[in-house]
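Visitor: I'm new to this structure and would like a close look at a single part of it. Could you pick one helix, walk me through it, and then show me how the rest fits around it?

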Amino acid sequence: MTEERPTDWISDVARLLPCMMRALFAPPAAQSPLWDLPPPQMRALFMLRCRGDLTMHEVAGRLGVAMSTATQLADRLERLGLVERQADATDRRLVRLAVTESGRAAIAEHIRQRDERIAAAMERLTPAERGEVLRGLHLLEKAARECVPDPGRPGRHPLWEMVTAAMPPAVADSQTEERTG
């Protein structure tokens with residue numbers, strides 16, 4: 001009898017997750033209004049959609065990038081009409097970045113198409129298989145969250161803010177509370 005080696009399932013997970021994510025979350029160019037946005041710009045757009053307008057400093061901090069990088073990112077998103085810069089209502093020295101109506105429409109279309117791809121893939125499975133997939137995804141997500149360093153401690157992993165940036169605040173906050181509580 002052959003003993004299972006961790007590298008076998010590590011290789012499978014490392015190969016399967018990105019393939020699945022590409023198939024479900026990265027539509028072909030002809031289908032998405034956001035197809036040519038690099039990942040940092042997509043993260044920024046979804047972060048602004050979920051968290052509301054943010055200062056450029058907040059955007060840079062949440063993405064884990066330098067201010068100059070955040071500025072370049074904002075310039076590109078603004079040229080595309082997806083975000084706009086606004087003066088802060090209480091401190092005119094601050095510039096806030098907000099998603100435009102065009103940006104919201106592009107995100108909504110992107111999400112609609114993503115949901116259609118997920119539904120189409122899941123409909124190819126039997127109800128029992130769908131249950132297995134969901135149970136497995138929940139288990140893997142829970143285990144992965146347990147491996148994330150406590151964001152309240154110095155030295156937390158720099159990707160934490162990038163990963164939680166696109167989550168609605170209540171979800172990201174509840175996940176932080178679960179780990180620290």
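Guide: Let's go with helix α5, and keep in mind that this is a predicted model. In α5, the buried residues are Gly103, Ala106, Ile107, His110, Ile111, Gln113, Arg117 and Met122. Here's a handy thing to know when you look at a list like that: an α-helix has 3.6 residues a turn, so residues three or four places apart point the same way. Now for the length of the helix. α5 has 23 residues, and at 1.5 Å a residue they should span 33 Å; the C-alpha atoms at its ends sit 32 Å apart, so the model agrees with that expectation.

Next, the inside of the protein. The largest nonpolar core is made of 24 residues, and Leu34, Leu45 and Val59 have the most contacts within it. Our helix takes part here: α5 (101–123) supplies at least two residues of this core, and so do α2 (39–51), α3 (56–63), α4 (67–79) and β3 (95–99). The top contributor is α2, which gives six residues. To get a feel for the packing, zoom in on Val59. Leaving aside residues up to four places away in sequence, Val59 touches Met47, Leu48, Leu54, Ala70 and Leu97.

Stepping back, where does α5 sit in the whole chain? The protein has eight helices and three strands, and from the N terminus they run α-α-β-α-α-β-β-α-α-α-α. Of its 181 residues, 29% count as buried. Among the contacts with a separation of 6 or more, 55% are between residues 24 or more positions apart.

Now swing round to the outside. The protein exposes about 11800 Å², with carbon and sulfur atoms supplying 59% of that. There is a nonpolar patch on the surface, formed by Val13, Leu17, Met20, Met21, Phe25, Val133, Leu134, Leu137 and Leu140, and together they have about 660 Å² of accessible area. Two elements, α1 (6–25) and α6 (127–147), give two or more residues to this patch. The largest share, five residues, comes from α1.

One member of the patch is worth a pause: Phe25, which is found in helix α1. Is it buried or exposed? Phe25 lands in between: its relative accessible area is 33%, so it counts as partly exposed.

Notes: Residues are numbered from 1 along each chain as its sequence is written. This is a predicted model: local features need pLDDT of at least 70, side-chain atom pairs count only at pLDDT 80 or more; totals for chains, interfaces and linings use all residues. Side-chain values use heavy atoms; hydrogens and water are left out. Helices (H or I, at least four residues) and strands (E, at least two) are DSSP runs, numbered from the N terminus. Buried means under 20% relative accessible area, exposed over 50%, partly exposed in between (1.4 Å probe, protein chains only). Contact means heavy atoms within 4.5 Å. Accessible areas come from the Shrake-Rupley method with a 1.4 Å probe; for residues, only the protein chains shown count as cover. Patches are made of residues with over 30% relative accessible area and no salt bridge: like charges are joined within 9 Å, nonpolar side chains (Val, Leu, Ile, Met, Phe, Trp, Tyr) within 5 Å. A salt bridge is a side-chain nitrogen of Lys or Arg within 4 Å of a carboxyl oxygen of Asp or Glu. A nonpolar core is a set of buried Ala, Val, Leu, Ile, Met, Phe, Trp, Tyr and Cys residues joined through side-chain atoms within 4.5 Å. The expected span of a helix is 1.5 Å times one less than its number of residues.
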